[in-house]
Amino acid sequence: SSGINAEYGDAQGRLFIPPTQRPDGTWRAAKYVKEGYIPQDEIDSYRSKGKKFADDAKAMGVVGYNGPKPVISSQGRPTNADIEAGSKPTKMTKNQKKRQKKKEKKNADEFEIEEVTEHVTEKVAELKVDESKPVDVEKKKKALLKKLRAINDLQAK
């Protein structure tokens, strides 16, 4: 390793980095340095706290997981095969539960609307159509469905 050795010192006891030759043949001048100097090449590059934490977490794995450790690919992440092989049913988070309930409620509302729609269409079909006034069944159905939606909206509020 390059750097400071005790043997490179002058008559006054000052330390220096000896002259070196560049690839093009020219020479770099000797540099005087303080004791304890570490050359730039030998200093590790800066890593923020977040980067250090992320690297440590990646090496440690998932907190609380006691299963087999996934094999890390060349990209530094577990592969899909590793994830599928070690998959376990996980608990749902609070937000996941909330979304699930919302989805179930929406499906139940849609089912209820379909049920009511079928009932309304049966009732409309049962109605006797007066020959003197032509009645559009689709218009009646659409109007009744609109009223049902308005009722459902009011009930929801």
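# A guided tour of the chain

Arg47 has a relative accessible area of 37%, so this residue counts as partly exposed. Select Arg47 first, and keep in mind as you look around that the model is predicted.

**Stop 1: Arg47 and its partner**

With Arg47 still selected, add Asp55 to the view. The side chains of these two residues meet in a salt bridge, with 3.6 Å from N to O. Is Asp55 buried, partly exposed or exposed? Its relative accessibility is 25%, and because buried means under 20%, Asp55 counts as partly exposed.

Now add Lys51. Asp55 forms a salt bridge with Lys51 as well, and here the closest N and O atoms are 3.8 Å apart. Where do these two residues sit? Both Asp55 and Lys51 lie in helix 1, which covers residues 49-60. They are four residues apart, or about one turn of the helix. Lys51 has 47% relative accessibility, so it counts as partly exposed. Show the three residues together: salt bridges that share partners join Arg47, Lys51 and Asp55 into one network. A search of the whole structure finds two salt bridges.

**Stop 2: the whole chain**

Zoom out and switch to a cartoon view. How many helices and strands does the protein chain have? You should find four helices and two strands. Follow the chain along its sequence and you will meet them in the pattern β-β-α-α-α-α.

Next, turn on the surface. The protein chain exposes about 14900 Å², and carbon and sulfur atoms supply 55% of that area. Of the 157 residues in the chain, buried residues make up 7%. You can also think about contacts along the sequence: among those between residues at least 6 apart, 22% join residues at least 24 apart.

**Stop 3: the loop between the strands**

Go to Thr20. You are now in the loop between strand 1 (15-17) and strand 2 (31-33). At 33% relative accessibility, Thr20 counts as partly exposed. Which residues does Thr20 contact, leaving aside its neighbours within four places in sequence? Select Thr26, Trp27 and Arg28 to see them. Then try your viewer's distance tool on the C-alpha atoms of Thr20 and Ala30: these residues are 10 apart along the chain, and the two atoms are separated by 7.8 Å.

**Stop 4: a positive patch**

Move on to helix 3, residues 94-126, where you will find Lys94. Lys94 counts as exposed because its relative accessibility is 72%. Now select Lys98, Arg99, Lys102 and Lys106 along with Lys94: these residues form a positive surface patch. Colouring by charge is a nice way to view the group.

**Stop 5: a negative patch**

Stay with helix 3 and pick Asp109, which is also placed there. Asp109 has a relative accessible area of 38%, so this residue is partly exposed. What kind of patch does Asp109 belong to, positive or negative? Asp109 joins Glu110, Glu112, Glu114, Glu115, Glu118, Glu122 and Glu126 in forming a negative surface patch.

**Stop 6: a buried threonine**

For your last selection, choose Thr117, another residue of helix 3. Is Thr117 buried or exposed? Its relative accessible area is 18%, so Thr117 is buried. To see what lies against Thr117, show Lys141 and Leu145: Thr117 touches both of them, not counting residues up to four places away in sequence.

To finish, keep helix 3 in view and compare what you have picked there: Lys94 is exposed, Asp109 is partly exposed and Thr117 is buried.

Terms used
Residues are numbered from 1 along each chain as its sequence is written. This is a predicted model: local features need pLDDT of at least 70, side-chain atom pairs count only at pLDDT 80 or more; totals for chains, interfaces and linings use all residues. Side-chain values use heavy atoms; hydrogens and water are left out. Patches are made of residues with over 30% relative accessible area and no salt bridge: like charges are joined within 9 Å, nonpolar side chains (Val, Leu, Ile, Met, Phe, Trp, Tyr) within 5 Å. Accessible areas come from the Shrake-Rupley method with a 1.4 Å probe; for residues, only the protein chains shown count as cover. A salt bridge is a side-chain nitrogen of Lys or Arg within 4 Å of a carboxyl oxygen of Asp or Glu. Lys and Arg count as positive and Asp and Glu as negative; His and the chain ends are not counted. The place of a charge is taken as NZ of Lys, CZ of Arg, CG of Asp or CD of Glu. Buried means under 20% relative accessible area, exposed over 50%, partly exposed in between (1.4 Å probe, protein chains only). Contact means heavy atoms within 4.5 Å.
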